[in-house]
Amino acid sequence: MRDAYIVQSVRTPGCKQKKGLFNQTRPEELISFIMKEAVERTVNLKPEDIDDVMLGCAFPEAEQGLNLGRIAAKMAGFPDEVSGATVNRFCASGLEAIALASVRVSAGWSDICVGAGCESMTFVPMGGNVPRPHPEYSKTYPEMYVSMGITAENVASRYKVSREDQDIFAAASQAKATAARDNGKFTEIIPTPAYKYVVQPDGTYKKETFIVEHDDGIRLSTPEGLAKLGAVFKVNGSVTAGNSSQTTDGAAASIIASKEKCKELGLTPIARLVGYTTVGCKADEMGVGPKYAIPKVLKQVGMTIDDIDIYEINEAFASQALHCIRELGIEKYMDKINIHGGAIALGHPLGCTGAKLTATCIANLREVGGKYGVVSMCIGGGMGAAAVFEKL
Ligand SMILES: CC(C)(COP(=O)(O)OP(=O)(O)OC[C@H]1O[C@@H](n2cnc3c(N)ncnc32)[C@H](O)[C@@H]1OP(=O)(O)O)[C@@H](O)C(=O)NCCC(=O)NCCS
C-alpha cells in the first residue's frame, strides 16, 4: 500500500436548517464552492490533477440527489475527466468518503482524490422527503426506524445520564464555540457565498449574494437557562432542543494525494489517515457507537486513549456524547475533547459532519501542536465510526 497524505482540509460554516443563512443556497453550490476552494488554496494543485471525488451525503435525493459527487465536481469547474461518487453511511458519510479517498490513493486506484461531505437539511430533511419504511420489517424490528431523539432518550435512561449533566455539557459546548468564534480559532472555515431571493417593490424577486463567515447556530447558554427547555422527543424526557445537535446545512472537503504525487507536484502534506473503522450496535441506542468504534480503531493502529491529543466526538446528543466519553475513560481529557465546541453549538449537517470534523480536527491539532487526533460519531441504524489522523 502507498502512503496517502491529506494536503488540504476545509469547510464552510454550518448554518441552521431553515432559519439559517444557507436556507436558500442549494447544496450543490455549497459543496462545489468548498471543493473549488480546497483546490485553489492548495499550492501547486490544479483541478485536472484530481482523479476522483468521494462525497458523503446522508439523504442523497432531490436537490442533493442524482450523483452529487459528480455534479459537484463539474460545478466546481473540474474537467470532464474527474469522476465522482456519492457515499452514504448516514452521519459518518463524510468520514467514510475521506477514508475511501485515502484507500483509493493507497491502493493505487487514484493518485489524487477528494474526500468530502455535504448536507442541506433545509432542502432535504432528515429521513428524506418521502420516507418509506419496509411495511413488514418496520413492525418486526421497529428499532431500525426509530427517531434519533428517542435513541438519545434511551441512552440517557439506560445509562443514567441526568438532564442536569446533559445541560452542563451542552452549555460547555456553546461556551467553547463562542470563545473560539470570537478569537478566530475556526481557521478551517472558508467564508462562503450564499444567496437569498428578496422581494422587490414591483413584486418580483432579486437574487442577493452575501458572504457567511461563521457558524450561525452558536448561542451562548447557561445550564440554568437550558434547564427551562422542555423535552422534545418524549413526555417527561430529558432531551431538548438545547442539548441536541442542531440540524444544519454545510459542506467540507479534504484532498488526499499519494506520496509520489506530492513529490512530483510539490504538494505539502498536512496530515494522514492512520486508521479507520466502523462497528454496529443496537439501533435503538445508536448513540453508544463511539464507545465501541474508538477502542476498535485505537487497537487497529496500536494506540491507546492516552496517545490522542485531540478528540472530535460528534455531539449528536449530549446524552450519548457524555455517555461515550465516560465509558471510554476519557473524562479526564475533557480539555482535549471538542475543544471549540461540537454539534450542539456548531451543528450536525449529517453527511457533511465527518468531513467537517476532519477539517476541524486537523486545524485543532495544528493549534495545540498535537500529533494524533480522533474523529468519531454515532450513526443512525445503530453504528459507530472512528478515525485516527496524524498531523504532519
Ligand atoms: C431537537 C430539535 C428537534 C430542535 O429543533 P428546532 O425546534 O428546529 O430547534 P431550534 O434550535 O430552532 O430551537 C427551538 C427553540 O428551543 C430553544 N432553544 C434551543 N436552543 C437553545 C439554547 N441553546 N438556549 C436557549 N434556548 C434554546 C429556543 O426557544 C428555540 O427557539 P428560538 O430559536 O425561536 O428562540 C432538532 O434540533 C433535532 O432534531 N436535533 C437532532 C438532530 C438529529 O437527530 N440528528 C441526527 C443525530 S444521529
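The expected span of a helix is 1.5 Å times one less than its number of residues. The views below come from a predicted model.

**View 1. Helix 6 from end to end.** Helix 6 runs over residues 163-182, which makes 20 residues. From its first C-alpha to its last, helix 6 reaches 29 Å. That is close to the expected 28 Å. Just after helix 6 comes Gly184, with a positive phi of about 65°.

**View 2. The buried residues of helix 6.** Several nonpolar residues of helix 6 are buried, including Phe169, Ala170, Ala171, Ala177 and Ala180. Gln166, Asp167, Ser173, Gln174 and Thr178 are buried as well. The buried residues of helix 6 pack against helix 5 (148-158) and helix 7 (223-227). They also pack against helix 10 (318-328) and helix 11 (343-346).

**View 3. The shell around the ligand.** The ligand is surrounded by 22 residues. Closest are Lys16, Lys19, Arg219, Ser221 and Ser245. Sorted by class, the shell holds 12 nonpolar residues, 7 polar ones and 3 charged ones.

**View 4. Polar contacts of the ligand.** Two lysine side chains each have an N or O atom by a ligand oxygen: for Lys16 the distance is 2.7 Å, and for Lys19 it is 2.3 Å. Ser245 takes part through its backbone: one of its polar backbone atoms is 2.9 Å from a ligand nitrogen. On its own, the ligand has 960 Å² of accessible area, and the protein covers 70% of it.

Terms used:
Residues are numbered from 1 along each chain as its sequence is written. This is a predicted model: local features need pLDDT of at least 70, side-chain atom pairs count only at pLDDT 80 or more; totals for chains, interfaces and linings use all residues. Side-chain values use heavy atoms; hydrogens and water are left out. A residue is near a molecule or strand if one of its heavy atoms lies within 4 Å of it. A polar contact is a pair of N or O atoms within 3.5 Å; within protein, one must be able to donate a hydrogen and the other to accept it, and residues adjacent in sequence count only if both atoms are side-chain atoms. Accessible areas come from the Shrake-Rupley method with a 1.4 Å probe; for residues, only the protein chains shown count as cover. Helices (H or I, at least four residues) and strands (E, at least two) are DSSP runs, numbered from the N terminus. Buried means under 20% relative accessible area, exposed over 50%, partly exposed in between (1.4 Å probe, protein chains only). Contact means heavy atoms within 4.5 Å.
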